[in-house]
Amino acid sequence: MCIMHSLHSHIAFLLSIICGEIIGDIQPIPSVNVRIVGGEISDIRDIPYQVSLSYNRFHRCGAVIIDRSWCLTAAHCLLNKNELLEESLMVLKAGTNELYSKGIEHQISKMIVHPQYDSRSFDYDIALIKVMQPFNFTDKVNAVELPAQNWHPHSNTIATVSGWGKIKYSTKEISNVLRKVEVHILSPGVCNEKYPSFTPRMLCAGDLENDKGSCQGDSGGPLVSCGKLLGIVSWSVDCGMKEFPAGYTKVSKMRDWIRRETDI
Ligand SMILES: *[C@@H]1O[C@H](CO)[C@@H](O)[C@H](O)[C@H]1NC(C)=O
């Protein structure tokens, strides 16, 4: 009990470092030789549902297009110390590989954070964002498919996570170019064993042999397999370490909530 508790506190502490301070001091770097941990440079045409969410002109998180008017992201991306961020300072950028050059910018008209979001455990870490001007779908801007309510992927399913996040935990710079990496979805049993605070609203995914995965700045972005959005980047201990698979919000558990809020 005591050991469980202290392990939990330790993980919660690490999580708060990773998921807490995701704005402000992060600066873009102009090099193309940078990556999501262990990944490769991607093309937005392969991931046209990937968008960047910026706050006060700084990239803050990823987000995912699910419809002409709506995106999904992580709840923690829209909050600062449990206060909703200022809508007018947020911009979604679609249709670009490079964060700090091109892209189509969208103002935001509405944000809906899941009412059961728990900032301590990262349970229900999901939110909806409505854009003022609908997306015009092209080869670079498009919606991802959602899974059915309660659908569960087979363990070891390969999925792709993408974003402009940091290439390793110990750097300050995020990536200016979109990156992606393939990870394995692990069984709930394995995830529960690693993380005492793991819940049925989460997936954990990683690579048990190589250091691969998502990092700071990737939060809110997509984990996709066979064209379906299985997860939203939510939390990690350090970044992409093989010992610590990252946590994702399980989108299939949120399917009915999304329908209730958006009619999608
Ligand atoms: C989408 O296309 C319409 C018609 O061409 C245009 O008026 C509108 O500004 C476009 N929206 C965006 C976000 O580019």
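**Exercise 1. State which residues surround the ligand and which polar contacts the ligand makes.**

Solution. Step 1: the shell, meaning residues with a heavy atom within 4 Å of the molecule, consists of His 106, Gln 133, Pro 134 and Asn 136. The model is predicted, so local features need pLDDT of at least 70 and side-chain atom pairs count only at pLDDT 80 or more, while totals for chains, interfaces and linings use all residues. Residues are numbered from 1 along each chain as its sequence is written, and side-chain values use heavy atoms, with hydrogens and water left out.

Step 2: look for polar contacts, which are pairs of N or O atoms within 3.5 Å. An oxygen atom of the ligand lies 2.4 Å from a side-chain N or O atom of Asn 136. For Gln 133, a side-chain N or O atom is 3.4 Å from an oxygen atom of the ligand.

Step 3: the ligand taken alone exposes 370 Å², of which the protein buries 41%; the areas come from the Shrake-Rupley method with a 1.4 Å probe.

Step 4: sort the shell by class, where Ala, Val, Leu, Ile, Met, Phe, Trp, Tyr, Cys and Pro are nonpolar, Asp, Glu, Lys and Arg charged, and the others, Gly among them, polar. The shell has one nonpolar, three polar and no charged residues.

**Exercise 2. Describe the second largest pocket and its lining.**

Solution. Step 1: on a 1 Å grid over the protein atoms alone, a pocket is an open set of points with protein on both sides within 12 Å along at least five of seven lines, and lining residues have an atom within 4 Å of a point. The second largest pocket holds about 200 Å³ of space, a volume being the space filled by probe spheres set on the points, which are joined across faces, edges and corners.

Step 2: its lining has 13 residues, with Ser 54, Arg 57, Phe 58, Val 91 and Glu 105 nearest the centre. Strands are DSSP runs (E, at least two residues) numbered from the N terminus. Strand 2 (50-55), strand 3 (58-65) and strand 7 (90-94) each give at least two lining residues, and strand 2 has the largest share, three.

Step 3: by class, this lining splits into six nonpolar, four polar and three charged residues.

**Exercise 3. Locate the disulfide of Cys 61 and characterise its geometry.**

Solution. Step 1: with a disulfide taken as a pair of cysteine sulfur atoms within 2.5 Å, the count is two. Cys 61 pairs with Cys 77, the sulfur atoms being 2.1 Å apart.

Step 2: the angle about the S-S bond is -85 degrees, a left-handed link.

Step 3: Cys 61 is in strand 3 and Cys 77 in the loop between strand 4 (70-73) and strand 5 (79-80), so the pair ties together parts 16 residues apart in sequence.

How values were computed:
A polar contact is a pair of N or O atoms within 3.5 Å; within protein, one must be able to donate a hydrogen and the other to accept it, and residues adjacent in sequence count only if both atoms are side-chain atoms. On a 1 Å grid over the protein atoms alone, a cavity is a set of points where a 1.4 Å probe fits but cannot get out, and a pocket is an open set with protein on both sides within 12 Å along at least five of seven lines; lining residues have an atom within 4 Å of a point. Helices (H or I, at least four residues) and strands (E, at least two) are DSSP runs, numbered from the N terminus.
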